[in-house]
Amino acid sequence: MNYLSVENISKSFGELELFSNISFGINKDQKIAFIAKNGTGKTSMLNIIAGLDSSDTGQIVNRKGLKIEYLSQEDSLNDALTVEQTIFDSDNETLKVIEQYEHALLNPEDEKEYQRAFEKMEQLNAWDFETQFKQILFKLKLSDLSQKVGDLSGGQRKRLALALILIHKPDLLILDEPTNHLDLEMIEWLESYFEKEKITLFMVTHDRFFLERVCNEIVELDNGGFYTYKGNYSNYLQKKEERIEIEQATVSKAKNLFKKELDWMRRQPKARTTKSKSRIDDFYVIKEAASKRRNDHKVQLEIDMERMGTKILELHKISKSFGDLKILENFEYNFLRGERIGIIGKNGTGKSSFLKVITQEIPLDSGKVVVGETIKFGYYTQDGIEIKPGQKVIEVIKEYGEYIPLTKGRKISAGQLLERFLFSRKRQYDFVEKLSGGERKRLFLCTVLIQNPNFLILDEPTNDLDIITLNVLENFLLDFPGCLLVVSHDRYFMDKIVDHLFVFRGDGVVEDFPGNYSDFRAYEDSKPKEVTAVVKTIETKEKPATPKAKLSYKEKKEFDGIESEIEKLNTEKSEIEAKFLDGSISGDEINELSIKLQEISNLIDKKEERWFELSSKLEE
């Protein structure tokens with residue numbers, strides 16, 4: 001069943017032509033992703049389809065009575081309403097009935113009103129609907145229904161706008177970057193929701209795991225041409241590579257880009273498909289795989305960054321709280337050369353604040369941050385670039401540097417760096433004001449990289465970047481020889497560039513995990529399920545079965561904490577082993593470290609033995 005037809009639409013702004021004579025259809029239950037480079041009209045296309053803008057030529061033909069909801073980058077929420085009022089401020093009949101019922105519950109003395117509201121709930125079978133929309137609010141962390149919309153953060157507003165369109169259950173959902181401002185838990189829930197629900201989607205997203213698992217068709221605007229690919233992201237990569245090969249065998253750059261991406265997709269193990277047999281075995285398999293992962297990459301851009309000394313970055317028992325919100329508590333870590341660490345955790349657990357603590361933008365409550373003398377940070381923040389009127393793209397970059405030195409006396413100029421990040425020579429002399437949001441993010445990245453840092457800190461670098469740019473950034477970071485610390489909710493990006501993770505659990509707890517995001521997800525899924533508090537007992541005449549062994553409260557508490565203790569001990573062991581590589585330590589220090597290393601190794605063995613003992617009790 002055809003829901004909507006796009007017929008020969010075109011759009012230009014002055015001399016800039018975004019697209020011309022585009023035609024395609026959206027049918028019931030299709031889940032279509034729209035891919036295009038930043039600045040080529042993705043948002044304009046969505047606005048036209050949603051009826052918020054008009055095309056220069058052609059038309060949009062909707063099925064009669066079609067209900068469309070649009071999640072745009074800019075919301076139209078009423079700041080004066082509460083979250084609850086915003087939800088019920090709708091023409092949806094079922095929502096109106098639920099609102100009347102909720103009101104009746106607050107006025108139990110009016111029995112007639114309650115009876116009428118109850119009957120309407122029964123008539124429309126609104127009970128399931130109420131349960132569903134409350135679950136949506138819960139999953140998107142919108143628990144305070146009395147909060148004014150005007151008091152919400154940018155991320156909360158985006159989640160409320162998303163919740164509204166999911167609650168309204170339209171025929172067609174149009175989504176512009178739906179995963180922005182969601183943490184990983186929310187993204188995985190939304191992914192699962194779209195997979196299970198019979199729902200029609202047309203969306204722009206840079207989340208490639210989302211594309212892989214949700215979409216059944218991808219349409220692409222590429223150099224003025226419009227292409228359709230049936231299937232998910234893997235299929236898109238394969239078919240695009242074939243198309244480029246047929247069209248222009250000489251365009252080796254584009255072909256190689258997608259070939260590498262496809263090869264990586266094929267090598268990538270599928271997350272969450274099987275349960276692990278042994279947690280400890282898994283842990284060491286993951287650790288070994290993580291240490292080898294970087295060696296598979298062939299360096300193409302040999303950057304000659306400033307030398308790093310033996311001291312990189314040391315965090316000594318650092319603590320930080322904002323009122324009652326605890327971010328860090330006595331956290332310790334010594335960074336080693338070439339470490340590539342990803343930071344994950346729910347929104348509000350302090351990931352961005354951690355970066356600001358390291359760069360000493362915000363003060364610590366206690367502890368000490370020691371930065372090595374040779375360390376030069378490159379810090380990409382979420383704030384973006386400050387635009388100066390009349391400034392051209394190339395001028396912005398040259399304010400920070402003229403080139404990046406490469407090995408053997410070679411170098412990459414500011415203009416070449418911009419070209420690598422998809423700014424053509426002509427585009428480099430455009431005014432910055434004319435750039436799209438994604439292009440400005442791209443330019444900001446270039447200003448950080450041109451300074452040739454040896455320690456890169458990136459806070460959500462993938463937001464608003466198109467998939468082509470993400471591939472370029474990933475390849476650059478894989479070539480980058482220094483330390484890397486990155487906060488991102490892009491699971492695909494994290495899997496590709498980091499070796500291990502800092503997992504922010506909340507309440508000041510930070511765990512070190514030796515692997516990428518898919519490794520972590522598989523490892524978490526292999527955890528023994530917690531025994532639920534509610535136990536149903538059934539009386540029978542048969543002799544009751546012998547009860548399974550259970551952990552006492554004290555043992556359960558010990559079991560919950562033992563893995564993090566093993567991880568910390570292994571980290572301490574690695575740090576000591578690294579010190580042996582320093583030729584400047586004395587004989588006495590070597591003896592002292594040897595004794596300490598043996599003590600830690602013995603303690604690790606005891607902890608692992610205890611873990612198996614407690615684990616076996618759970619499995620009996």
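## Exercises on a predicted model

Cys446 is buried, because its relative accessibility is 0%. Keep in mind throughout that the model is predicted. Let's work through it together.

**Exercise 1.** Find out whether Cys483 is buried or exposed, and state how many disulfides the structure has.

*Solution.* Start with the cut-off: buried means under 20% relative accessible area. Cys483 has 1% relative accessibility, so Cys483 is buried. Next comes the pairing of cysteines: a disulfide needs two cysteine sulfur atoms within 2.5 Å. By this rule the count is zero.

**Exercise 2.** Decide which residues of helix α1 are buried, and say what follows for the helix.

*Solution.* Helix α1 covers residues 42-49. Its buried residues are Lys42, Ser44, Met45, Leu46, Asn47, Ile48 and Ile49. That is seven of the eight residues, so the helix is largely enclosed by the rest of the structure. Just after α1 you will meet Gly51, with a positive phi of about 85°.

**Exercise 3.** Locate Lys317 and Glu460, two residues with positive phi that are not glycines.

*Solution.* Take Lys317 to begin with: its phi is near 45°, and it lies in strand β10, residues 313-322. Lys317 is partly exposed, because its relative accessible area is 45%. Now turn to Glu460, whose phi is about 50°. Glu460 sits in the loop between β17 (455-459) and α16 (467-479). With 11% relative accessibility, Glu460 counts as buried.

**Exercise 4.** Work out which parts of the chain the salt bridge of Lys141 and Glu185 ties together.

*Solution.* Side chains of opposite charge can pair when their charged atoms come close. For Lys141 and Glu185, the closest N and O atoms are 3.5 Å apart. Lys141 is in the loop between α5 (126-139) and α6 (154-168), and Glu185 is in helix α7 (residues 184-196), so the pair joins parts 44 residues apart in sequence. Lys141 is partly exposed at 33%, and Glu185 is partly exposed at 40%. A search of the whole structure finds 31 salt bridges.

**Exercise 5.** Compare the accessibility of the two partners in the salt bridge of Lys230 and Glu217.

*Solution.* The side chains of Lys230 and Glu217 meet at 2.7 Å, N to O. Lys230 belongs to strand β9 (residues 225-230) and Glu217 to strand β8 (residues 217-222), so the bridge links parts 13 residues apart in sequence. Lys230 is exposed, with a relative accessible area of 55%, whereas Glu217 is buried, with 6%.

Definitions and conventions: Residues are numbered from 1 along each chain as its sequence is written. This is a predicted model: local features need pLDDT of at least 70, side-chain atom pairs count only at pLDDT 80 or more; totals for chains, interfaces and linings use all residues. Side-chain values use heavy atoms; hydrogens and water are left out. Buried means under 20% relative accessible area, exposed over 50%, partly exposed in between (1.4 Å probe, protein chains only). Helices (H or I, at least four residues) and strands (E, at least two) are DSSP runs, numbered from the N terminus. A salt bridge is a side-chain nitrogen of Lys or Arg within 4 Å of a carboxyl oxygen of Asp or Glu.
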